[in-house]
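Me: Could you take me through this structure? I would like to start with the overall picture and then turn to details.

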Amino acid sequence: MTEGAGAARQGTESAREGHGIVIAGAGHAGGAAAAALRQFGYKGSITLVGDEPIPPYQRPPLSKAWLKGEATAESLALRPERFYTQQNIQTRLATTVAAIDRATHQVHLSDGTAIAYEKLILALGARPRRLALPGFNLPGVLELRTAADADRLKAAIHPGTKIAIIGGGYIGLEAAASARALGAEAFVLEREPRLLARVASEPLSAFFHAAHTAHGVAIHVNTQVVGLKGEGKVEAVLLADGTELPCDAALVGVGAIPNEEIAAAAGLECRHGVVVDAQARTADPDIFAIGDLTQRPLSLYNRTGRLESVPNALEQARQAAACITGRPAPSPEIPWFWSDQYDIKLQIAGLPFDVARLVIRGDPATGAFAVFHLDAEGHVQCVESVNTPAEFMAGRLLIQKRKVIDAAALADQTTNLKELAA
Amino acid sequence: MPKITFIEYNGTAHTVEVEEGLSVMEGAVNNGVPGIDADCGGACACATCHVYVDAAWEAKTGEKNESEAAMISFANGVEPNSRLSCQIKVTADLDGLVVRMPAGQH
């Protein structure tokens, strides 16, 4: 905490001469960046601009606790409203950043005003991918990204209603679990041969397929949706083979695309995400980008990628805030992710790149197991843990240590993980 | 409202009032107390809200559940009085609670 204090003071002095920091985007990443800047001692002005009408909040509960009515607006909020006043963070909500003028160091807002910046942090997030299908615009065809989206979905879920879920990814599966908890029917339509095809291993897909089936969710894989139909609102999903599946609402969760347009228009490099370095800097030294928006280095895996997760948003928020305040760059974190469905707690650490073999520890039939992904040399690249938090934490350590691991020892549940990771 | 004192690794103390029913972690985050990251927002999924509970308060803060115990056993600098502060609910009984923070959460 003390080692960066001198540098932080320097950083604030240079910033005082300028116009402070503008954060474009008031989601989890933007909110975290504002808080981290103050925590790191930044004293200049901070303006947080966001298109939603409410201050930054946590998105993960939207498909879970919020949908089930177990969360309040206060518990959803990233920080209480008073935090922004106390920390002297200006918020410009229900306002969009329309353009970046790099030459004059200004952003132009949707309300016609402009704000000058010394440093700009882009935290514009991503938006749900839309399907160009007939009937997609019918009332009752929903997506889930914002609190407003979640409220529309919540209004559609009642005991006895039938929810079609298009896309067997995490959002869809979490929503299916919440729908079942609320007494609604749900069925999932997935184009690929298995659930979570892009984001999980086959054993994990098989486990979730069985779990949802056991909870009464019908899973249709290898299933192509060709349209939605209904009179005045959605009443059925149309499949490529001609089948019509009746529903009262449809949730589409088929991935997200980064909101990179204004960055691209300003001449910043975008490659399915705004390109940043390991400190969340773009090629413009005064512009940073963080969160779902970015194409970022994945230093452990010698490649770049776009990660859609809260830990990614927070890591990059800290990187940007550290860089701006002249603190030492935080050491790279291992990407991780979590999902809660029914009584299943999934935690994933690392990314499944260069995987040569999978090692399963524990029995999926018991509902508690972990899938370790090893490369050809036997380094752990990734761990997917189901109701096994110790395996998750051990996996994180193993990934970090780059130790060559004996697969048989790892699979053996009598092997002490702490000793293995030591 | 119960008062909780958070002591940073460098010794800086922050005493804040926390509404009953919130977690000790939320008390820190809502008041901008540095040193508790709480990346998962209280889902007991990340172990970045690690604190050491002062000896006098160990009994009143209750027992770790299995999941918390498993997570925290791998955290950096774990001690017998280590807790995940998202798993400690604030009650009137905890008025005066003192927790210390580790060198880092990552």
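Reply: The answers below go from the overall fold to particular residues. Please note that this is a predicted model.

Me: What does chain A have in the way of helices and strands?
Reply: Chain A has 12 helices and 26 strands.

Me: And what is the radius of gyration of chain A against that of a compact globule?
Reply: Chain A has a radius of gyration of 23 Å, which agrees with the value near 22 Å for a compact globule of 422 residues. Along its principal axes, the C-alpha trace spans about 65 × 60 × 35 Å.

Me: How much of chain A is buried?
Reply: Of its 422 residues, 47% count as buried. Of the contacts in chain A with a separation of 6 or more, 62% are between residues 24 or more positions apart.

Me: Which residues have the most contacts inside the largest nonpolar core?
Reply: They are A:Ile163, A:Ile165, A:Ala250 and A:Leu251, in a core of 99 residues. Helix H6 of chain A, residues 170-181, gives the most to this core, with 7 residues. Apart from it lies another core, of 50 residues, which includes A:Ala26, A:Val49, A:Ile287 and A:Ile290.

Me: What does A:Ala250 touch?
Reply: Leaving aside residues up to four places away in sequence, A:Ala250 touches A:Gly140, A:Val141, A:Leu142, A:Ala164, A:Ile166, A:Leu228, A:Val234 and A:Val237.

Me: Now A:Ala265: buried or exposed?
Reply: A:Ala265 is exposed, because 12 other C-beta atoms lie within 10 Å and a residue with 12 or fewer counts as exposed. A:Ala265 is found in helix H8 of chain A, residues 261-265. The C-alpha atoms of A:Ala265 and A:Ile100 are separated by 8.1 Å, although these residues are 165 apart along the chain.

Me: Changing topic, which strand does S22(A) pair with, and in what sense?
Reply: S22(A) pairs with strand S23 of chain A, residues 344-350, in the antiparallel sense over 6 bridges. Within that pairing, A:Asp340 has A:Lys345 in S23(A) as its bridge partner. Strand S22 covers residues 336-341, and 5 of its 6 residues are buried.

Me: What about the residues between the strands of that hairpin?
Reply: There are 2 residues between the strands, and in this hairpin A:Tyr342 takes a positive phi near 50 degrees.

Me: Lastly, how many residues does each chain give to the contact of chains A and B?
Reply: The contact takes 23 residues from chain A and 19 residues from chain B. On the side of chain B that touches chain A, H2(B) gives the most, with 3 residues. The residues of that side divide into 10 nonpolar, 7 polar and 2 charged.

Definitions and conventions:
Residues numbered from 1 in each chain as written. Chains lettered and ligands numbered in written order. Predicted model: local features only at pLDDT ≥ 70, side-chain atom pairs only at ≥ 80, totals over all residues. Core = buried A, V, L, I, M, F, W, Y, C linked by C-beta atoms within 7 Å. Buried ≥ 20, exposed ≤ 12 C-beta atoms within 10 Å, placed from the backbone. Helix = DSSP H or I, 4+ residues; strand = E, 2+ residues; numbered from the N terminus. Contact = placed C-beta atoms within 7 Å. Nonpolar A, V, L, I, M, F, W, Y, C, P; charged D, E, K, R; others polar. Pairing = 2+ DSSP bridges. Rg over C-alpha atoms; globule rule 2.2 N^0.38 Å.
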